[in-house]
Amino acid sequence: SIKPAIVGLTGGMVTVQGGAFPADLEVVCAFDGTISQGRRLSSTSVSCAAPPTGLADTVQVRVGFSPHTLSATSTSLNYAPAGRVVDVAPTVVASGQATELTLIGTNLRDVACRFDGVVVEAQVIDANEARCAVTGRTAKATVLEVSLDGALYEEVESISVVDRFALSSAEVLGDELVVRGSFTDSITSCIFDGRDFVDATV
């Protein structure tokens, strides 16, 4: 098997599992006809740099101790335009409850989110949208990390986790919004639609 099974057109590091790789022998990977020097990770896995290609394509990957002793079996690696996340909403979530984050981007296929140390698989709506359900455990700024196509996690957005307060009513008085409820003197902002912050006075 190979992970990730999809890489961008510029290539990237992949891990191949299977077989037996003695510690005293060098390892190479063959991506169709292109040979890449490998690195032994364990007795059953090696890492190799998939070479760049200018086209979306599928290549067969084989492993051996030299270009002349490649494995008889192979595994498939797909080249595709790299995925990218360009926007996340909302960027403010309540602590202690699950919130669905919408990720907007391009070429989204296999997407996973890591938030506050918890990893969840995203629901991929289409190539431009995916959704992750995350839970902030305490009120603080928490970074959302995303893995695309099995690659390493990368930071994509800082999410503000805030405490929830019980609100009883709200009314507009002139050009101000008056909110009534149970909260502390530490309140500094009102948040509209999970995005817009407005200074608040208690």
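Student: Why is Arg109 called partly exposed in this predicted model?

Tutor: Arg109 has a relative accessibility of 28%. Buried requires under 20% and exposed requires over 50%, so Arg109, at 28%, counts as partly exposed.

Student: What makes the contact of Arg109 with Asp149 a salt bridge?

Tutor: The closest N and O atoms of Arg109 and Asp149 are 2.7 Å apart. The cut-off is within 4 Å, and therefore the pair qualifies as a salt bridge. The two residues lie in distant parts of the chain, 40 residues apart: Arg109 is in the loop between β11 (98-106) and β12 (111-115), and Asp149 is in the loop between β16 (140-148) and β17 (154-162).

Student: How do you know whether Asp149 is buried or exposed?

Tutor: The relative accessible area of Asp149 is 9%. Because the limit for buried is under 20%, Asp149 is buried.

Student: What makes Asp116 and Arg137 a salt bridge?

Tutor: Their side chains meet at 3.3 Å, N to O, and this satisfies the limit of within 4 Å. This pair also links distant parts of the chain, 21 residues apart. Asp116 is in the loop between β12 and β13 (118-121), while Arg137 is in the loop between β15 (129-135) and β16. Asp116, Arg137 and Lys140 are linked in a network of salt bridges.

Student: Why are Asp116 and Arg137 placed in the accessibility classes they have?

Tutor: Asp116 has 13% relative accessibility and is therefore buried, the limit being under 20%. Arg137 has 55%, which is over 50%, so Arg137 counts as exposed.

Student: Why is the pair of Arg131 and Glu129 called a salt bridge, and which classes do the two residues fall into?

Tutor: The N to O distance between Arg131 and Glu129 is 2.8 Å, which is within 4 Å, so the term applies. Arg131, at 29%, is partly exposed because this value lies between 20% and 50%. Glu129, at 19%, is buried because the value is under 20%.

Student: How many salt bridges does this rule give?

Tutor: The count comes to 5 salt bridges.

Student: What makes β9 and β14 edge strands?

Tutor: The open sheet has 4 strands in the order β9-β11-β15-β14, with antiparallel pairing. β9 (84-89) and β14 (123-126) each pair on one side only, and these are the edge strands.

Student: How do you know that β9 and β11 pair?

Tutor: Pairing requires at least two bridges, and 5 bridges join the antiparallel strands β9 and β11, so the requirement is met. Asp87 has Ile104 in β11 as its bridge partner.

Terms used. Residues numbered from 1 in each chain as written. Predicted model: local features only at pLDDT ≥ 70, side-chain atom pairs only at ≥ 80, totals over all residues. Heavy atoms only, no water. Buried < 20%, exposed > 50% of the residue type's maximum accessible area, 1.4 Å probe, protein only.
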